[in-house]
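Biologist: Could you walk me through this structure slowly, starting with whatever I need to know before we look at single residues?

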Amino acid sequence: MFNIFQSKPSPDKIVNKWCSEIRAQQRGLDRQLRGIKMEEKKVEQSIKQLAKKGDIKSCKILARELVRSRRQKDRIATSKAQLNSISMELRRQLSTLKVAGTLQKSTHVMKSVNQLISVPQLQRSLMEMSKEMMKAGIIDEMTEDMLESIDDADIEEEAEEEVDKVLAEVTEGMLGAIKPVNVAKPAEREHAAEVSENESDIDLDEMNMRLSALRS
């Protein structure tokens, strides 16, 4: 039965709880990162197989997915660093708690939490933690302009050079000078998948879905 006279948790217990939750989130990001790396190796092997057949269109479809995955890995690394930064600041406050008496407001924690809330896989836990931090007086109320999620789905012309660079890297120049090929349209993606299935048993749609699931 809930005790209405139960005292609030002490500041040090609250901070330790937050640090424990942050470590759990970091472990989750590590698992996601390992999954992406494993899937990328499979995609790279498929690109090499398709390159031997001269199927540039299908190669570019998979290379584009590698570009997205590499960007996601960069964001994961940044998120891990921000989580670690929050944890260090919380522990710093914990070490000075006896002198200060209470947890102090931190613009550093506020900024990091605001940025991390835009990361889909961290959003739910960070929203709950931010509410607790607001009650504890460490951060102010979240601002709407900081809650916009990052959208990298639209990497077309501006990323074409990056896609070609990744393709040349993976195939070790096997395809020579890569000519511009449109690969983003659904009909072309479906056609490439049919061609690859008939010629090399590589399912592009399945690989795309696996990588997308790992990035989300």
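Modeller: Let us begin with a word we will need: a residue is called buried when its relative accessible area is under 20%, and exposed when that area is over 50%. Please also keep in mind that this is a predicted model.

Biologist: Okay, so is C19 buried or exposed?

Modeller: C19 counts as buried, because its relative accessibility is 0%, and the cut-off for buried is under 20%. C59 is buried too, with a relative accessible area of 0%.

Biologist: Those are cysteines, so how many disulfides are there?

Modeller: The count comes to zero disulfides, when a disulfide is taken as a pair of cysteine sulfur atoms within 2.5 Å. In general, a disulfide is a covalent bond between the sulfur atoms of two cysteines.

Biologist: Let's zoom out. What does the secondary structure of the chain come to?

Modeller: The protein chain has eight helices and zero strands, so that, read from the N terminus, its elements run α-α-α-α-α-α-α-α.

Biologist: And what share of the residues counts as buried?

Modeller: Of the 216 residues in the protein chain, 40% count as buried. As for the outside, the accessible surface of the chain comes to about 13,000 Å², and 51% of it belongs to carbon and sulfur atoms.

Biologist: Which residues have the most contacts inside the largest nonpolar core?

Modeller: That core has 25 residues, and the ones with the most contacts inside it are W18, I86, L90, M133 and I138. Helices α1 (11–52), α2 (56–95), α4 (107–116) and α5 (120–136) each supply at least two residues of this core, and the largest share, seven residues, comes from α1.

Biologist: Is there another core apart from that one, and which residues are in it?

Modeller: Another core, of 14 residues, lies apart from the largest one, and its members include A51, C59, V166 and V170.

Biologist: Back to I138, what does it touch?

Modeller: Leaving out residues up to four places away in sequence, I138 touches W18, L90, L103, Q104, K105, S106, V109 and M133. For the chain in general, among contacts between residues at least 6 apart in sequence, 79% join residues at least 24 apart.

Biologist: One last residue: where is K165 found, and is it buried or exposed?

Modeller: K165 is found in helix α6, which covers residues 160–171, and K165 counts as exposed because its relative accessibility is 64%. The C-alpha atoms of K165 and A63 are separated by 9.1 Å, although these two residues are 102 residues apart along the chain.

Notes:
Residues numbered from 1 in each chain as written. Predicted model: local features only at pLDDT ≥ 70, side-chain atom pairs only at ≥ 80, totals over all residues. Heavy atoms only, no water. Helix = DSSP H or I, 4+ residues; strand = E, 2+ residues; numbered from the N terminus. Buried < 20%, exposed > 50% of the residue type's maximum accessible area, 1.4 Å probe, protein only. Core = buried A, V, L, I, M, F, W, Y, C linked by side-chain atoms within 4.5 Å. Contact = heavy atoms within 4.5 Å. Areas by Shrake-Rupley, 256 points an atom, 1.4 Å probe, with all protein chains shown as cover.
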